[in-house]
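Hi,

Here's the structure I promised to pass on. Have a look at it first, and my notes on what turned up follow below.

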Amino acid sequence: MRGGYLTIGRWRRAPVRLHWTLPLVALIFGRGEFAPGFWLGFVLIVLIHELGHAVLVRRFRCAVASIDVHGMGGVCRWSGDPTRIQRACIAWGGVLAEIVALVATYLAIAVFGPPETAFTIQLAAAFTTTNIWMIAFNLLPMPPLDGAEAWKLPGLLLQRRRSERAARARGGFAYEREAATLDRYSGAAPEKTRGAVDEALRRISEDLEEPEDPKNRLN
């Protein structure tokens, strides 16, 4: 055990670690009662959340350093230079993974029926009620919660779309004007103008998606 963490496995070579504070906080959230189903569910939900971040980190060709679960939640530590849009997408990864787990739980209950034993009742409650509260909490638009980064995504996508439309409009006008002029002499439309438009769009995309924050860790 190093730094209070116990490594329980690896995900794509990144260590998956549990902190010693987990049993203490689980006991507090369980109101001091013996609730092993709830404790297990709490740990699994946090782990699923961090794995959601990790999946998108890998999707955008960055490296996951570690996946940690502690008493107050968890942390996905990673390295790389994502764009601003990619960083916002990664921030959504944890909540989306929780939503998948939530839907899967309700489907399982619908197919197999409601839980009957104390352990499965506690586990189901953790994956439904507790999970919903954790999703809402993580989406609050304040650091270090995911919502501080995640809610930037709609604005970034809208900005990119508007810029691309403006560039296409300017480029299309220039293309048509030059094509009409050259058609008088050769009847051939210039390919170089279309290439210039594509290059302008590429520069706009890079400006919108340049790295913003060197600190790569998401809760």
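**Salt bridges, a histidine and two helix pairs**

Let me start with a buried acid: Asp68 has a relative accessibility of 0%, so it counts as buried. Keep in mind that this is a predicted model.

What does Asp68 do with its side chain? It meets the side chain of Arg77 in a salt bridge, at 2.1 Å from N to O. Asp68 also forms a salt bridge with Arg17, where the closest N and O atoms are 2.7 Å apart. That second pair ties together distant parts of the chain: Arg17 sits in strand β2 (residues 14–19) and Asp68 in strand β3 (residues 63–70), 51 residues apart. Taken together, Arg17, Asp68 and Arg77 are linked in a network of salt bridges. Is Arg77 buried or exposed? Arg77 comes out at 25% relative accessibility, and because buried means under 20% and exposed over 50%, Arg77 counts as partly exposed.

How many salt bridges are there by this rule? The count comes to three. Besides the ones at Asp68, Lys152 forms a salt bridge with Glu149, and there the closest N and O atoms are 3.6 Å apart. Lys152 has 35% relative accessibility and so counts as partly exposed, whereas Glu149 is buried, with a relative accessible area of 13%.

Back in strand β2, you'll also find His19. His19 is at 15% relative accessibility, so it counts as buried. Which residues touch it? If you skip the neighbours within four places in sequence, His19 is in contact with Gly3, Gly4, Tyr5, Val69 and His70.

Now for the helices. A pair of packed helices is described by the angle between the axes and the distance between the axes.

Take α2 (residues 36–59) and α3 (residues 84–112): they pack at an angle of about 135°, and their axes are 7 Å apart. That angle makes α2 oblique to α3. The crossing in which α2 passes α3 is right-handed. On the α2 side, the contact is made by Ile45, Ile48, His49, Gly52, His53, Leu56 and Val57. Facing them from α3 are Cys89, Ile90, Ala91, Gly93, Gly94, Val95, Ala97, Glu98 and Ala101. By class, the residues of this contact divide into ten nonpolar, five polar and one charged.

The other pair is α3 with α4 (residues 118–138), whose axes come within 10 Å and cross at roughly 155°. Because of that angle, α3 is roughly antiparallel to α4. Which hand does the crossing of α3 and α4 have? α3 passes α4 in a left-handed crossing. From α3, the residues involved are Val95, Glu98, Ile99, Ala101, Leu102, Thr105, Tyr106 and Ile109. They meet Ala124, Phe127, Thr128, Asn131, Ile132, Met134, Ile135 and Asn138 in α4. The contact of α3 with α4 has eleven nonpolar, four polar and one charged residues.

If you're loading it up, Val95, Glu98 and Ala101 are handy to click on: they are among the α3 residues that meet α2, and they are also among those that meet α4.

Cheers

Conventions. Residues numbered from 1 in each chain as written. Predicted model: local features only at pLDDT ≥ 70, side-chain atom pairs only at ≥ 80, totals over all residues. Heavy atoms only, no water. Salt bridge = Lys/Arg side-chain N within 4 Å of Asp/Glu carboxyl O. Helix = DSSP H or I, 4+ residues; strand = E, 2+ residues; numbered from the N terminus. Buried < 20%, exposed > 50% of the residue type's maximum accessible area, 1.4 Å probe, protein only. Axes fitted to C-alpha atoms, helices over the stretch in contact; angles between N-to-C directions. Parallel < 35°, antiparallel > 145°, perpendicular 65-115°, else oblique. Left-handed = near helix turned anticlockwise from the far one by under 90°. Contact = heavy atoms within 4.5 Å. Nonpolar A, V, L, I, M, F, W, Y, C, P; charged D, E, K, R; others polar.
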